[in-house]
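User: I'd like to go through this model with you, one question at a time. Could you help me reason from the buried parts outward?
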Amino acid sequence: MTQPAVSKPSSYVYFPAHQGKVASGVCVTSSHRSLGSSTFIIHLIHTFSQKRKSNLKLKCYFHNGWKNPRLLIQPIKSEELCDSPHVVRFYDVLSDRDSEEIIRLAAPLMFRSGVTGDDGAINDNPMERVGKNAWLDNSPVVNNFMTRVADITGLNVGAEIYLQVANYGIGGHFDPHIDETGGYENIMERRIATFLTYFSDVEYGGNTPFVYQEVVAEPIKGSAIFWYDVFNDGSADERTEHAACPVVLGNKWAGNLWLTFGDQTFTKQCPLNNKTPREYRIF
């Protein structure tokens with residue numbers, strides 16, 4: 001059977017979509033609006049991409065980072081999870097060895113995870129987030145990881161950016177939230193994008209659902225999901241609200257790398273006219 005023609009950017013090579021990787025599995029989320037943040041609802045997430053017509057145009061690519069020399073020979077397998085907001089999963093971002101090395105470095109530095117409010121204040125013992133985290137920088141494996149993130153996303157990873165490594169044991173979770181709340185007084189410190197990497201598989205639970213988009217990403221070791229937290233005018237894109245589902249069985253290790261406005265002075269300039277699309281896209 002002849003495969004239908006697919007329009008694609010010149011810097012990507014199209015390959016058939018993965019089966020069952022995007023939106024199937026069990027998710028435990030908090031219905032924090034109607035039932036309160038302490039009440040959880042367990043529900044099955046079926047294949048949402050079959051429900052939403054907008055997801056019919058989602059594609060998979062080999063992404064070479066806009067002909068980045070380090071990705072030309074071995075491009076990154078990329079899978080679009082959502083078209084708007086644009087959410088993409090990248091496969092084989094890290095090797096098992098590098099993932100385990102990051103876990104080894106972070107484990108002795110772990111402390112109770114806090115939450116930053118809209119006003120910038122930090123809650124050190126939040127009920128909406130149960131887990132531990134540590135911050136890493138300036139080690140060979142972390143530096144190589146940050147270089148890889150820059151190659152994949154086309155964004156700058158500044159010298160002051162740290163990798164947050166998070167650990168969720170059984171019952172560990174993070175209620176629905178957005179990553180850019182506008183809490184930083186200095187706009188240069190505000191988050192423009194999130195690169196969420198999974199350092200481990202999880203036996204059951206631990207998914208990352210985008211609550212308004214009917215999209216859920218299961219934790220796959222060595223893969224990462226990426227999205228922009230804001231529109232190009234700097235306002236938060238609340239459609240990116242997401243959560244960390246409770247771990248039912250296993251142990252979840254993940255890493256958050258938040259890229260900031262200040263480091264993108266020459267990569268993401270302000271729009272000059274109304275013809276510029278308001279929404280950032282990865283490719």
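User: Which residues of helix α2 are buried, and why do they lie on the same side of α2?

Analyst: Happy to help, and do keep in mind that this is a predicted model. Helix α2 spans residues 96–106, and its buried residues are S99, I102, I103 and A106. They share one side of α2 because they cover an arc of only 100° around the axis.

User: What do the buried residues of α2 pack against?

Analyst: The other side of α2 is where R97 and R104 are exposed. The buried residues, by contrast, pack against β11 (132–136), α3 (140–153), β12 (163–168) and β21 (252–260).

User: Which element gives the largest share of the largest nonpolar core?

Analyst: This core has 38 residues, and F90, L163, V165, F195, F226 and L257 touch the most other members. Elements giving two or more residues to the core include α2, β11, β12 and β21. The largest share, 6 residues, comes from α3.

User: Where does K252 lie, and which side chain of opposite charge is nearest to K252?

Analyst: K252 lies in strand β21. K252 is buried yet has no salt bridge. The nearest side chain of opposite charge is 11 Å away, and belongs to D201.

User: Then which residue's backbone oxygen lies 3.0 Å from a polar atom of the K252 side chain?

Analyst: Let's look at the surroundings of K252. Among the residues that K252 touches are N167, Y198, S200, G206, N207 and T208. The backbone oxygen lying 3.0 Å from a polar atom of the K252 side chain is that of G206.

Key: Residues are numbered from 1 along each chain as its sequence is written. This is a predicted model: local features need pLDDT of at least 70, side-chain atom pairs count only at pLDDT 80 or more; totals for chains, interfaces and linings use all residues. Side-chain values use heavy atoms; hydrogens and water are left out. Buried means under 20% relative accessible area, exposed over 50%, partly exposed in between (1.4 Å probe, protein chains only). Helices (H or I, at least four residues) and strands (E, at least two) are DSSP runs, numbered from the N terminus. The arc is that of the directions from the helix axis to the C-beta atoms. Contact means heavy atoms within 4.5 Å. A nonpolar core is a set of buried Ala, Val, Leu, Ile, Met, Phe, Trp, Tyr and Cys residues joined through side-chain atoms within 4.5 Å. Lys and Arg count as positive and Asp and Glu as negative; His and the chain ends are not counted. A salt bridge is a side-chain nitrogen of Lys or Arg within 4 Å of a carboxyl oxygen of Asp or Glu. A polar contact is a pair of N or O atoms within 3.5 Å; within protein, one must be able to donate a hydrogen and the other to accept it, and residues adjacent in sequence count only if both atoms are side-chain atoms. Lists of a residue's contacts leave out its neighbours within four places in sequence.
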